Amino acid sequence: QVQLVESGGGLVQAGGSLRLSCVVSGLPFYVHAFGWYRQAPGAQRELVATIDTERITNYADSVKGRFTISRDNAKSTVYLQMNSLKPEDTAVYYCKNHLYGYWGQGTQVTVSS
């Protein structure tokens with residue numbers, strides 16, 4: 001059974017930082033690419049960042065220079081370090097396996113002004 005379990009969300013003031021984690025089980029983690037996505041209230045889900053098996057990364061323009069995606073193959077975990085958070089970063093953040101399309105349940109991030 002494949003599971004992606006996100007954690008690390010919460011309430012933070014503008015300018016603050018959070019680190020999200022996505023623990024993956026049921027897949028050979030090291031051969032898969034993953035991404036972080038987010039969905040704000042009333043908006044469509046959007047791509048935040050991706051990382052492939054060679055640790056090549058890609059970011060949405062809105063988060064470039066503030067967010068960093070990384071992976072730890074030994075821990076089967078994908079991370080999203082979020083710095084200089086803004087109120088417009090408020091959303092539910094989801095982890096996704098790109099090959100099979102598995103999603104996690106999401107973790108809420110709320111940034112207050």
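Helices (H or I, at least four residues) and strands (E, at least two) are taken here as DSSP runs, numbered from the N terminus. Counted that way, this protein has 0 helices and 10 strands. Keep in mind that you're looking at a predicted model. The strands sit in two open sheets, one of 6 strands and one of 4 strands, and a disulfide ties Cys 22 to Cys 95.

**Overall build**

- Reading from the N terminus, the elements go β-β-β-β-β-β-β-β-β-β.
- Along the principal axes, the C-alpha atoms take up a box of roughly 40 × 25 × 20 Å.
- The radius of gyration is 13 Å, which agrees with the value near 13 Å for a compact globule with 113 residues.
- Some 42% of the 113 residues count as buried.
- Take the contacts between residues at least 6 apart in sequence: 54% of them join residues at least 24 apart.

**The 6-stranded sheet**

- Going across this open sheet, the strand order is β2-β10-β9-β4-β5-β6, and the pairing is mixed.
- The edges belong to β2 (10-13) and β6 (57-59); each has a single partner strand, so one side of each is left without a neighbour in the sheet.
- On average, neighbouring strands here are turned by 25 degrees against each other, direction ignored.
- Inside the sheet, β4 (residues 34-39) runs antiparallel to β9, and the two pair over 6 bridges.
- If you want a spot to look at, find Arg 38, which stands opposite Tyr 93 in β9.

**The 4-stranded sheet**

- This open sheet is ordered β1-β3-β8-β7, with antiparallel pairing.
- β1 (3-7) and β7 (67-72) are the edge strands, each pairing on one side only.
- From one strand to the next, the twist averages 15 degrees.
- The pairing of β7 with β8 (residues 77-82) is antiparallel and covers 6 bridges.
- Thr 68 is a handy marker, standing opposite Gln 81 in β8.

**The disulfide**

- A disulfide is a covalent bond between the sulfur atoms of two cysteines.
- The count for this model comes to 1 disulfide.
- Its partners are Cys 22 and Cys 95, with sulfur atoms 2.3 Å apart.
- The pair links distant parts of the chain, 73 residues apart: Cys 22 lies in β3 (residues 18-25) and Cys 95 in β9 (residues 91-97).
- In sheet terms, β3 belongs to the 4-stranded order, while β9 is part of the 6-stranded one.
- The torsion about the S-S bond is about -85 degrees, so this disulfide is left-handed.
- Both Cys 22 and Cys 95 are buried.

**The nonpolar core**

- The largest nonpolar core has 27 residues, and those with the most contacts inside it are Trp 36, Leu 80, Met 82 and Tyr 93.
- At least two residues of this core come from each of β3, β4, β5 (46-51), β7, β8, β9 and β10 (107-112).
- β3 gives the largest share, 4 residues.
- Leaving aside residues up to four places away in sequence, Tyr 93 touches a long list of residues, including Trp 36, Leu 80 and Met 82.
- Also among the residues that Tyr 93 touches are Glu 6, Leu 20, Tyr 37, Val 48, Phe 67 and Val 109.
- Arg 38, the residue opposite Tyr 93 in the strand pairing, is one of the contacts of Tyr 93 too.

Note on methods
Residues are numbered from 1 along each chain as its sequence is written. This is a predicted model: local features need pLDDT of at least 70, side-chain atom pairs count only at pLDDT 80 or more; totals for chains, interfaces and linings use all residues. Side-chain values use heavy atoms; hydrogens and water are left out. A disulfide is a pair of cysteine sulfur atoms within 2.5 Å. Buried means under 20% relative accessible area, exposed over 50%, partly exposed in between (1.4 Å probe, protein chains only). Two strands pair if DSSP finds at least two bridges between them. Axes are lines fitted to C-alpha atoms, for helices over the stretch in contact, and angles run from 0 to 180 degrees between N-to-C directions. A nonpolar core is a set of buried Ala, Val, Leu, Ile, Met, Phe, Trp, Tyr and Cys residues joined through side-chain atoms within 4.5 Å. Contact means heavy atoms within 4.5 Å. The radius of gyration is taken over C-alpha atoms; the globule rule is 2.2 Å times the number of residues to the power 0.38.
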